[in-house]
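Please study the structure shown below and work through the exercises that follow it. Each task is followed by a solution in steps.

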2 protein chains.
Amino acid sequence: MQQQKKQITAITPTREDDYPQWYLQVIKSADMAENSDVRGCMVIKPWGYSIWENIHFVLDDMFKETGHKNAYFPLFIPKSFFEKEAEHVDGFAKECAVVTHSKLEQDGKGGLKPASPLTEELIVRPTSETIIGASFAKWVQSYRDLPVLINQWANVVRWEMRTRLFLRTAEFLWQEGHTAHETELEAIEETEKMLEVYGEFAEQFLAVPVIKGRKTASERFPGAVDTYCIEAMMQDKKALQAGTSHFLGQKFAKASNIVYQSREGSLEYAWTTSWGVSTRLIGALIMAHSDDNGLVLPPRIAPAHIAIIPIYKNDEDKEKIMEYIQELQSALKSLRYFDRKIRIEIDARDISGGERSWNWIKKGVPIRLEIGKKELENRTFFMGRRDLEPKDKKSISFDDFVGSIYDILDSIQENIFQKALKFRDENIISIDENSEFYRFFTPKNSEKPEIHGGFVKAHWCGDPACEEKIKEELKVTIRCIPLNNIKEEGVCICCGKKSLERVIFAKSY
Amino acid sequence: MQQQKKQITAITPTREDDYPQWYLQVIKSADMAENSDVRGCMVIKPWGYSIWENIHFVLDDMFKETGHKNAYFPLFIPKSFFEKEAEHVDGFAKECAVVTHSKLEQDGKGGLKPASPLTEELIVRPTSETIIGASFAKWVQSYRDLPVLINQWANVVRWEMRTRLFLRTAEFLWQEGHTAHETELEAIEETEKMLEVYGEFAEQFLAVPVIKGRKTASERFPGAVDTYCIEAMMQDKKALQAGTSHFLGQKFAKASNIVYQSREGSLEYAWTTSWGVSTRLIGALIMAHSDDNGLVLPPRIAPAHIAIIPIYKNDEDKEKIMEYIQELQSALKSLRYFDRKIRIEIDARDISGGERSWNWIKKGVPIRLEIGKKELENRTFFMGRRDLEPKDKKSISFDDFVGSIYDILDSIQENIFQKALKFRDENIISIDENSEFYRFFTPKNSEKPEIHGGFVKAHWCGDPACEEKIKEELKVTIRCIPLNNIKEEGVCICCGKKSLERVIFAKSY
């Protein structure tokens, strides 16, 4: 790479030059989001928000098909609710927004000061187990009331110190599923089922390959008995946790007093789960696929499928080309791609065709159609695809385009997924030797410290001390214990004690 | 009414017996929402939330068709932003949630106390003009950047002292449109256009007839130059403001410094608008249509269109009836009614058919189909409609039902609207005499204090003192100055001075 003449790219810096800055520039160039004047809170602009709407649209359907219903619970959690589950409060109390007053009044210096202190402080929800648990306790009396299968689309607040657009923000949007069951087994099945849903969504829609696994105790959701996760690899070879599903045992049922009369007549605590994905998925989407020309969007989640760029020299040409475009719109009008209309952006701005074309490249639109007088006369389009090089454009007839639109979109979707899969698989290795493990996670002189490493499958004895030692020395953590693990004897990469399976080690977001 | 023998109704008390309690019982019987443990905040249960999802679905499309895009802005507003517009802060400072700390820590007595005080307090948004204005100020440089047409779906918090499910809650869900324009005229046109959208939505989807008008100065949104509204009549003859659209002039642009370079090169403040509807619409829907048997839902907004009640005596019958139901599901599967799938609830619970049927009456489902052995053998359904009496059921053949499903749904929708329209129009009168006006708004001995009055069209001179006097003495306010008013000379109902048009007076929610 270093030998080649450097290409001019739409995004500066490139991934190789400065990965974290590249990430921010992709977001800026696609006009997806920006920092707000409120510390750590972002403004999600229309192009970014539309991706979230599509995520919502697809996942919501998947949740409903698996029997869940949406509801809405209060934004505020009374402090006393929060205190009921000890591990839970330990995990969230350090970084939460506390509401203490219900009024502002004149401070006598021309400004305002808080007034009317609350008798009990309220926490802006960082997650809703405790407040939803209070409702479940009222809803559930008997085993006949179970399972309760609820999902909520909401905003949550965690006072993160170091924030980054989409990946880590003080306020973020998410969905949180909360369910209560009669038996332990049913709750575990629910936890696993929703992880499957997340995995399918990530791979089939976001085109992001994921490893499904279980977290070690130290990485669990505060208060969970078991946390399942999907882990994706970004282009800097770091891991990003893209969704989690928690088996909560009876711990939260005890904290919220979710009790039911069993089939045998005894009073039992319910078994609960919770699971969520957030606007962080948009960060994963950006970092998994985008290139040095900007955002790359899989068609099944893109805000627009097609950008049309009419190119004309006079009003007469313009009128005819716009008619031709209308004809295309009519032909596509009734089509649905994965239950969404085929969405088209027509860019007739009074700037050069090249500039407009690059605008849509940076925004990641899967298909670009340039239409000039020649295309009009031949009834063709000059088509560019975001999964190919910007200059790799070809002519396609009107009828062929309309007739093969699903194939084209599927082919782009598949190419994007395969590229990400190839990259990930090339960067997963098995290591059995401690010194090799340490060398692997230490950037060489030829490497940028921001882009190195990968996922390492290595043996771990199960001792949290080994996990902690590696974390301290290398900033590498166990991302998960894969669900489909092959049992295989070996020795712990850290201490050399006996181990029965490999786990995934990586640096992470 | 008082002469007739009292019917047994599904809701106790009836509207006539105790209107406010009837309202709460309709919500409870339909399982729509409940109070939470957080003062003034409600839990919106799946049946209620699904109505909100449908409102979102329809309105979102209407907003997009009128050129608006969705975005998302921070939940928190820095206190200093809030202070920028004097009238605005006066309107909202009295009742707002103030975040003062970013952490909880051990208080040494086994509990937690707020820690890490913020350098500047944050307000949980009661509305977002000031925080969105800060973004617009960055986005807008030149007249070429205008108009900016943005909508946000969000939760907001206003610390109301007296709350009531859906109608007035401390936290509620809403959408807030925010736009910025080059000229005053464009901004006024936008304000009026969105009022039209609200009016169309209320009448065509919620089946709630509304009067479109402008508010008097005293009833305006804090900081607005002009507030437009839609006003609906509930069954207790009170008015409910169902949506507002505000022309903000340049006041908020000045507060947020939204400045653009004009076509002539000068720097100008933009002209802005904002407009919103909230979960309050669900309260309007309930109070406009429901009867003493519970909720009545217009098909175009109902969570389910059809409830199916299979009635069988043994497993063999059950199996055949369930097959017959599947056949109906297949026949309706690809149909869309106002862009939504025809949604069906199958209630095969092991309780009596009558009990199940009443359950769906109370939930307001437009069509009920009872299916027993007789229906199976004759390929018919025993159909009940929520706009007719519960016992007024009739047999309809499978083919007729499928073939006329749109007509049946439209007919229910229209009946519900016409009934509400008739009720409202019967309860609007013109009054020209002060003593008659006072008599009209004072409950007679024969009337329940909760249900009396109506809308009065009366002359008003325009003096806020007259408005205030009537408000104090009768608790009656000017709901709006209708947009389609006929200019007509008269004398003020309060002071007798000259007036040029009538306004709408009523008690209100």
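The exercises below treat domains, a sheet, a core and an interface in turn.

The model is predicted: local features need pLDDT of at least 70, side-chain atom pairs count only at pLDDT 80 or more, and totals for chains, interfaces and linings use all residues. Residues are numbered from 1 along each chain as its sequence is written, while chains are lettered from A and ligands numbered from 1 in the order in which they are written.

**Exercise 1. Domains**

Task: State how chain A is divided into domains, and describe the side of domain 1 that touches domain 2.

Solution.
- Step 1. Chain A consists of domain 1 (19-102 + 114-289), domain 2 (306-423) and domain 3 (427-506); such bounds come from an automatic or database domain assignment.
- Step 2. Between the C-alpha centres of domain 1 and domain 2 of chain A there are 37 Å.
- Step 3. Domain 1 of chain A gives 11 residues to the contact and domain 2 of chain A gives 10 residues, where two residues are in contact if their C-beta atoms, placed from the backbone, lie within 7 Å.
- Step 4. On the domain 1 side, helix 2 (46-65) and helix 8 (280-289) of chain A are the elements that give two or more residues. Helices (H or I, at least four residues) and strands (E, at least two) are DSSP runs, numbered from the N terminus.
- Step 5. By class, this side of domain 1 has seven nonpolar, three polar and one charged residues. Here Ala, Val, Leu, Ile, Met, Phe, Trp, Tyr, Cys and Pro count as nonpolar, Asp, Glu, Lys and Arg as charged, and the others, Gly among them, as polar.

**Exercise 2. A sheet**

Task: Give the strand order of the open sheet of 11 strands in chain A, and follow the pairing from strand 10 to strand 27.

Solution.
- Step 1. The order is 3-7-8-14-11-10-9-24-27-23-22, with mixed pairing; two strands pair if DSSP finds at least two bridges between them.
- Step 2. Strand 3 (69-70) and strand 22 (428-430) of chain A are the edge strands, each pairing on one side only.
- Step 3. Strand 10 (residues 226-233) and strand 9 (residues 210-214) of chain A run antiparallel and are joined by five bridges; Lys212(A) has Ile230(A) as its bridge partner.
- Step 4. Strand 9 is also joined to strand 24 (residues 477-482) of chain A by two bridges, again antiparallel, and Arg214(A) is partnered by Ile481(A).
- Step 5. Strand 24 pairs in the antiparallel sense with strand 27 (residues 502-506) of chain A over three bridges, with Ile478(A) opposite Phe505(A).

**Exercise 3. The interface**

Task: Describe how chain A meets chain B and how the two copies are related.

Solution.
- Step 1. In the interface, 46 residues of chain A are in contact with 46 residues of chain B.
- Step 2. Strand 5 (residues 98-106) of chain A supplies the largest share of the chain A side, seven residues.
- Step 3. That side has 27 nonpolar, eight polar and 11 charged residues.
- Step 4. Three bridges connect strand 5 of chain A with strand 5 (residues 98-106) of chain B, and the two strands run antiparallel; His101(A) stands opposite Val98(B).
- Step 5. Chain A is superposed on chain B by a rotation of 180° with 0.0 Å of shift along its axis (RMSD 0.0 Å), using least squares on the C-alpha atoms of residues with pLDDT of at least 70 in both. The two copies are therefore related as by a two-fold rotation axis.
- Step 6. Within chain A, the C-alpha of Val99(A) is nearest the axis, 2.1 Å from it.
- Step 7. Since 100% of the interface residues of chain A are also interface residues in chain B, the copies meet through the same surface.

**Exercise 4. The core**

Task: Identify the residues that touch the most other members of the largest nonpolar core.

Solution.
- Step 1. A nonpolar core is a set of buried Ala, Val, Leu, Ile, Met, Phe, Trp, Tyr and Cys residues joined through C-beta atoms within 7 Å. A residue is buried if 20 or more other C-beta atoms lie within 10 Å of its own, exposed if 12 or fewer, and partly exposed in between; C-beta atoms are placed from the backbone.
- Step 2. The largest core has 288 residues, and Val208(A), Ala232(A), Val208(B) and Ala232(B) touch the most other members.
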